[in-house]
Amino acid sequence: MAKKYKDELLKAFLECRSIKEIMATTGLSRATIERYRDDKGFKEELTRLKMESIRSALNRMQLSLTDITHEVLSIAKDKKIAPQIRLNAAQILMSQCKSWTETEEVLTRLAAVEEAIRDEKT
């Protein structure tokens with residue numbers, strides 16, 4: 001697998017929504033893209049990059065929770081803002097963080113299971 005194409009395709013698979021869009025972005029043929037997509041090593045690298053992206057987003061969210069908490073408390077004290085709006089904002093933020101945390105945990109566990117299965121086969 002040519003490293004140049006591999007790196008370009010990994011980026012395209014992360015950013016594009018369809019094979020057609022990947023073709024337009026990379027200039028590669030559908031057959032070439034599908035050949036890479038079906039390669040075991042490519043799939044593993046793409047999965048690793050997707051997990052890394054999710055972890056990065058989760059870390060950014062978690063790092064901002066202190067600031068968000070202070071902001072929500074500030075908003076909660078602002079009598080000019082309707083209480084229901086203040087509560088809704090807090091609920092959305094906390095719910096999203098919980099969801100991302102659960103997703104990251106599931107992906108980490110899945111990766112460990114897949115690694116254990118690979119180890120058993122060798």
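Tyr-36 and Phe-42 are both buried in this predicted model. Together with Phe-13, these residues make up one aromatic cluster. The briefing below covers that cluster and then the packing of helix H1 against helix H2.

**Aromatic cluster**

- The structure contains two aromatic pairs.
- In one of them, the ring centres of Phe-13 and Phe-42 are 5.5 Å apart and the ring planes stand at 65°, so this pair is edge-to-face.
- Because Phe-13 belongs to helix H1 and Phe-42 to helix H4 (residues 40-77), the pair ties together parts that are 29 residues apart in sequence.
- Phe-13 is buried, at a relative accessible area of 15%.
- Phe-42 is likewise buried, and its relative accessible area is 1%.
- The rings of Tyr-36 and Phe-42 also form an edge-to-face pair, because their planes lie at 70°, with the centres 5.9 Å apart.

**Packing of H1 and H2**

- Two packed helices are described by the distance between their axes and the angle between them.
- Helix H1 spans residues 3-15 and helix H2 spans residues 19-26; their axes come within 9 Å and cross at roughly 135°.
- H1 is therefore oblique to H2.
- The crossing of H1 past H2 is right-handed.
- On the H1 side, the contact involves Glu-8, Leu-9, Ala-12, Phe-13 and Glu-15.
- On the H2 side, Ile-19, Glu-21, Ile-22, Thr-25 and Thr-26 meet them.
- By character, the residues of this contact comprise five nonpolar, two polar and three charged.
- Phe-13 thus appears in both topics: the residue takes part in the contact with H2 and in the aromatic cluster.

Technical notes
Residues numbered from 1 in each chain as written. Predicted model: local features only at pLDDT ≥ 70, side-chain atom pairs only at ≥ 80, totals over all residues. Heavy atoms only, no water. Axes fitted to C-alpha atoms, helices over the stretch in contact; angles between N-to-C directions. Helix = DSSP H or I, 4+ residues; strand = E, 2+ residues; numbered from the N terminus. Parallel < 35°, antiparallel > 145°, perpendicular 65-115°, else oblique. Left-handed = near helix turned anticlockwise from the far one by under 90°. Contact = heavy atoms within 4.5 Å. Nonpolar A, V, L, I, M, F, W, Y, C, P; charged D, E, K, R; others polar. Phe/Tyr/Trp six-rings, centres within 6.5 Å; stacked < 30°, edge-to-face > 60°. Buried < 20%, exposed > 50% of the residue type's maximum accessible area, 1.4 Å probe, protein only.
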